[in-house]
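Please look over the chain shown here before reading on. The report below takes up its overall form and then its charged side chains.

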Amino acid sequence: GTLEKDLKRLKASQEAASKNGEKKGKIEKAKVERLESQLGDSKAALLASQNELKKLASDVEKAAADRDAAIADRVKADNRLEPLTKELEQARREMAEARAEASRVAEEASASDEAAAA
C-alpha cells in the first residue's frame, strides 16, 4: 500500500514537472520568437534608415553641385557684364562732353549773333 502510494505520488510529481517543463519550454520558445521578430524589425528599420541617409547624402551632393554651377554662371555673367559696364560709362562721358561742347558752341553762336545785332 505505502509503496504504491509513494510510486503514484512520484509519478504525479514527475508528470507535473514534465508539464512545467513543457510550459517553460513553450514560454522560452515564445520569447525567442518574439526577440527574433523584434530583431528582424530592427534590421528592417536600420536598412530603411541607411537607405534614407544615402538618399539625403546624394541630395546634398546634388545641391552642392547645383550651387557650384550657379556660382560659376554668376561669375561668367559678371565677366561678360564688366566690359559692357565700362563701355556704358565711356559712352556717358562722351555724351556729357558732346553736350558740353554743343552748349559752348551754342553760347558762342548766340554771343556772335548779339555782337552782329549790336
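What radius of gyration does the protein have, and what would a compact globule of 118 residues have? The protein has 50 Å, where such a globule would have a value near 13 Å; the radius is taken over C-alpha atoms, and the globule rule is 2.2 Å times the number of residues to the power 0.38. This is a predicted model, in which local features need pLDDT of at least 70 and side-chain atom pairs count only at pLDDT 80 or more, while totals for chains, interfaces and linings use all residues. Residues are numbered from 1 along each chain as its sequence is written, and side-chain values use heavy atoms, with hydrogens and water left out.

The C-alpha trace spans about 170 × 25 × 10 Å along its principal axes, and the secondary structure comes to 1 helix and 0 strands (DSSP runs, H or I of at least four residues for helices and E of at least two for strands). Of the 118 residues, 0% count as buried (under 20% relative accessible area, with exposed over 50% and partly exposed in between, using a 1.4 Å probe and protein chains only).

The count of salt bridges comes to 8, each being a side-chain nitrogen of Lys or Arg within 4 Å of a carboxyl oxygen of Asp or Glu. Three of them are listed here.

| Pair | Closest N to O |
|---|---|
| K55 and D59 | 3.2 Å |
| K86 and E82 | 3.7 Å |
| E108 and R104 | 3.1 Å |

K55 and D59 lie 4 residues apart in helix α1 (residues 2-117), about one turn of the helix. E108 and R104 are likewise 4 residues apart in helix α1, and salt bridges that share partners join E101, R104 and E108 into one network.
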